[in-house]
Amino acid sequence: MFMFNLLWLIPLFPFTAFVLIVLGANPNKKLSHSLAIGGIGLSWILGWLTFFTAVFTPHFGEHPVRLTFDWFPTGNTWFETGVMIDPLTAIMLFMVPFVCLMIFIYSVGYMGYGTEHVDPRYSRFFAYISLFATGMLGLILADNLLLLFIFWEIMGLCSYLLIGFWFEKKYPDPRQITPKQAGLKAFITTRIGDVIMLLGMLFLYSRVGNLTFEHIFSHETLHMLAEAQVTLPLVGTLPVATVIAILIFGGAVGKSAQFPLHVWLPDAMEGPTPVSALIHAATMVSAGVYLVARMFPLFAAVEHGPQVGVVAFIGAFTALFASTIAVAQNDIKKVLAYSTISQLGYMIAALGIGAYVAGAFHLITHSFFKALLFLGSGSVIIGCHHEQDMMHMGGLRQKMPITFWTFVAGAFALSGFPLITAGFWSKDEILAHAWEGFMHEGVVSWPFYVWLLLTIAAFLTAFYTGRQISLTFLGQPRSHHAEHAHETPHSMTVPLMLLAFFALTLGFAGIPEEIIGHGRNWFHHFVGHEFAATPLSVPVMLLSAVLAVSGLFFGWLVYGRKPLAKGQPDPLVKALGPVHTVLKNKYYFDELYQATVVRGAIGLAELFFKFDNRWVIDPLVNAVGRGGAALASGLYRFFDLPVIDGAVNLAGKVGVALSVALFHFVDMPIIDSAVNLVGRTGAALSAAWDWIDLHIVDGLVNFSGWFTERVGRAFRLIQTGRVQNYALVVVAALILLVAVYLLR
Amino acid sequence: MVIPLAWYLIVAAALFCIGLYGALARRNAIGILMGIELMLNAVNINLVAFWRYVRPQMLTGQLFAIFVMTVAAAEVAVGLALVIAIYRSRDTVNVEEIDLLRG
Amino acid sequence: MGFPLLTVILFFPLLGAIVVWLIPKEKEQLIRWFSIVLSFIPLALSIYLWIAYTRSAGGMQFEEIYNWIPVLKIRYHVGVDGISVPLVFLTSLLSTLSHFYSAYTIKKQVKEYYLFFLLLQMGMYGVFMSLDFVLFYVFWEIGLVPMYFLIGIWGGARREYAAIKFFLYTLIGSVAMLLAILYVYFNVGSFDILEATEKFHLIRPFAANIVPVSLAFWAFFVGFAIKVPSFPFHTWLPDAHTEAPTAGSVILAGILLKLGAYGMVRIALPIFSEAFSYYAWVVGILAVISIVYGAFVCMAQWDLKRLIAYSSVSHMGYVMLGIAAAAFALRMPGKETSAAIALNGAVLQMFNHGIITGGLFFLVGIIYEQAHTRELKAFGGLASKLPTYYGIFAVTGFASLGLPGLAGFWAEFMVFRGAFDIIPIYAVIGAVGIVVTAGYILWKIIQYMFLGTFNEERWGGKLVDMATFEKVTMWPLVLFMFAIGVYPAFIVNLLNDATTALLAKL
């Protein structure tokens, strides 16, 4: 048990490495990477020691360990913070530091250490990834939601810095996203999710008065949250637990790139490949899934509440949606990016239908094989001299054998090749759970749709994986770069082999009990002892095995049997026609967001600024300032320019903006008539407006101008310019007043 | 013998009228300034007299008289500075000729 | 009564100003170094004040009371509690750093510059320490005049317009406030702030005197809101900032804006608690508009300094939101904890904003000294050429956008935590500001200035990384951003005791 007292050291090692590199070690490249690898290495050793201690502690699941201290005062109480370990944290501790260590070692080769291609910001890279590892390790160890959120955001910062790592890069095509834009996009998109999550957190905090998991998940608190009702405008009355769960899920949607906040992840491929592996496989994106798993009791607090449907549907839909896009991508990393989105959808869907253990299991196995695939693709990219287009590869099997075989291991795991890969066991458990729910609740139920969507996605996954292997490694080289490809250094291939080992074998930790005997499903026993095990379903298992094999086979059939020649188009283009174009353009989501959200925000900013600077506030201020000097012209300006014109302009601009927005939103033939109606009404209104403007407003304005001018002309005569005359008038008036007073 | 309050008020009123006449009738700017000073001092006499006769235990009257003197001093400083500035630019202190404010 | 610590801190800058006045104009170097060395004494005393303030005892400490104008019951009454101690320290810190930074950058009329600066420093101390309305008002105005000259003489191209605008705005606020002070005086019979806090609501209960008390409340509020500045009284700020010299902007954003917020916490909230609570919805709406509107306006800026000026409007909106939430809670039983958290957040945000935005203005000054432009589009790729500058700017920027682990996050979190429990809709709308803030900091500043390719043709050889004196200026601020970010308790401890005591009395 002594091991558990050192828990807080685990994130501290990489953090120390980060501080040391930033403060002094950065001129020395070797020292920098040694520090970074040393830091994560120590975390790995300590992490695994902790993990095995936890495994061999009897009844560990019932007695999580917490270490806390007081952080800051809140009124009459203190906010406590600290670290905690329970089975979920323990298995994450098995996965995260190990995968991170592999990626760190791999980075030494990838960033070109010891060659002439070494990156000029080599040390900075290691500092960033060390900080990133700190964030992830801290996140899994946090014992309260606030601390989790802090590390969550630190990871967001690191992903921003790492995706935009090559920030000078420019492309000849201005429409292609550059690393700096991709980083910004990632940060802002995830931040939208984060703010929603923050709101959920605030809601939870203000209801419970505490954010520690132990406290939130106590029976009384969950019961209280499930019983209490809250009325939301437009939505209706819902249990508090449901609202909080959905809001917190918003954070997971952003971080795990679920629909509709998925757009940042594919573009995040602009970062260096180890970063892609680190962010998109092992750690950051799975943090979203981890969050949902961590908050699982809250999600399960209200049975059959809307939160279940939201989570399950978003997950399942994302799984299918992303896998269809992956089919049409040619960039080796983009395929993996969409595949990641899709696999994360699996996990979210699993958690949504209550398959806690299956979701966590897939989270762990996926991290290993997806990290392997990303690192493998990085190895291919380096081997092919920074060529990323699969259409320009081919025939790399002979030239890069280690990369090939490890990549195949990862790819088979991803597609769920039966029995010998980890992905098969974990994915099958999710499908089996959905199937069981469907059998239980009938066709019109969430589990049915989840099962259906996930099954189709499983086939597509196998298909694009087969396509990827065939295009990259089989056939003949289709470009100059591919012809001169070479195997990568040991610092890159050794991590690949280690990861491949786990990608194949890790599944054996969670084989269903029906196959290996009661009580021997180790993973379920350790992580989810309080949940009922998913019963084995032979038809589902057979179906998913058939789908995986047939998907891979089809992929090979289309792309591998008759390898593409140089410059030959993708056979799918012809087969699918316009559908392929839509898929290739990712259903035009980027364009849609650009036209609505981005344009909208910038337009609003401009509008507000003009309101501030040109139309209303500043002119008002200036008018007041000058008002004393010339009353007549001041009045004229005051009424005419800033207020009326400003208001008219504002109304006009708002009208224009509104109609532009309307045009964009309902630009579809079905509702054209509605648009026309709106247009006609608008025209009629503006005609009426025009009449009022011409006859009433202008008349008033002209009258006020004319009136002031007349009065001014009359008063001009009195103004002699001699102060004494004025004083005389004052005295005379005073005497008059006194006289009136006295004679009253 | 106690001098009645009214005597002080009469003196003050006389002084005020002289000052008012000076301020309104003089052409010379400095003369006007002197007239204004006279009026202020008339007020001071009133203040101090009222204090002495009505509420000798409170300091208010004296205090305000001192305030008035301070303000008067500041006003003279500013006024003279203005007159000098005007004299420099226009070579005259005759207020008839200074009519920049005419509408 | 022991050593008059507060009086010494308060009048040390005045002493300095007198000495500077006596030094001949030509000895510029002597003036500079004298001011810097001298400003360390109040700084050291402020640190001592922080340590010596007995938290367990709470309340006003180090009080000094002398009769000033007994006839009108005007007294020299100073004292500090947990809210003012950090602000006094902030004043000392930013003043010292500004003196130091200006020593290298101000080249014309050095003597007058330091003279005004020292007077300004005294005015700011005075506001944070005064417990008498007249004293408060006098120091409030003393702060106004030197700032007018700092902008008007050492400012940029449109400095006169900016200075007059600044002066007019704040003068209108002051006049309103003066009338309200007189109203309180005629009812309570004294100018003492603490006495008014205790007695005013008994003498003039809000329910029975809605019109006059409301008028007085609004007069105070407008006076403070102009200084904060809150929408729609904010347009003096971008002009004043854009034209002011660097150190002037730092002081303006770092401390002068806090005077308004401090006035709300010290005067408007305790004395007019019922009226404030009654009108809290207006304050809340203004706060939310300031947050969201300010953030959006930032996105439309192309001048770096103007952008940061507008960001102050947005960030001070958080302060107002926290205060509004606390005021709301006065009428809701059972929300005491949330109210205390919201008010803690508001005061912490005052301190943080001083550190962070002060730092940002220094950073703007640093690049402007070299490039003579603040146009965002003119730069690009500075991250590779000026790594230290980039690093410090990034840290400060991320602190400003509320990244956890840095100072800004805690204040935002506490404000929203308090507000969400009390006025959830305001908090939800205000949260939009968080996203937009990230947008303008990362998109406008970081991306346009630091990322992309470096313009060799225009800037090749002309821009160099931070000099030692610039680093020395920035390090203490960066240190505070991290310190508060990691362990906020060292300052929240102080605030929490003061705010809970303050709210308990209402």
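In this predicted model, L67(A) sits across from V83(A), a residue of β2(A). That pairing belongs to a neat bit of strand architecture: β1(A) and strand β2 (residues 77-85) of chain A run antiparallel, with 9 bridges joining them. Together β1(A) and β2(A) make a hairpin that leaves 2 residues between the strands. Look in the turn for G75(A), whose phi is positive, at about 65°.

Now for the neighbours of chain A. Where it meets chain C, 40 residues of chain A are in contact with 44 residues of chain C. The hairpin strand β1 (65-74) turns up here too, as one of the elements of chain A that each supply at least two residues to this side. The others are α5 (145-163), α6 (179-208), α28 (589-615) and α29 (617-627). Which element gives the largest share of the side of chain A that touches chain C? That's α6(A), with 13 residues.

Chain B also touches chain A, and this contact takes 10 residues from chain A and 10 residues from chain B. On the chain A side, helix α32 (residues 723-742) gives the most, with 5 residues.

Here's how the two sides of chain A break down by residue class:

| Side of chain A | Nonpolar | Polar | Charged |
|---|---|---|---|
| touching chain B | 4 residues | 4 residues | 2 residues |
| touching chain C | 26 residues | 6 residues | 8 residues |

So much for the counts; to find these places in the structure, start from α6(A) for the chain C side and from helix α32 of chain A for the chain B side.

Key:
Residues are numbered from 1 along each chain as its sequence is written. Chains are lettered from A and ligands numbered from 1 in the order in which they are written. This is a predicted model: local features need pLDDT of at least 70, side-chain atom pairs count only at pLDDT 80 or more; totals for chains, interfaces and linings use all residues. Two residues are in contact if their C-beta atoms, placed from the backbone, lie within 7 Å. Helices (H or I, at least four residues) and strands (E, at least two) are DSSP runs, numbered from the N terminus. Ala, Val, Leu, Ile, Met, Phe, Trp, Tyr, Cys and Pro count as nonpolar, Asp, Glu, Lys and Arg as charged, and the others, Gly among them, as polar. Two strands pair if DSSP finds at least two bridges between them.
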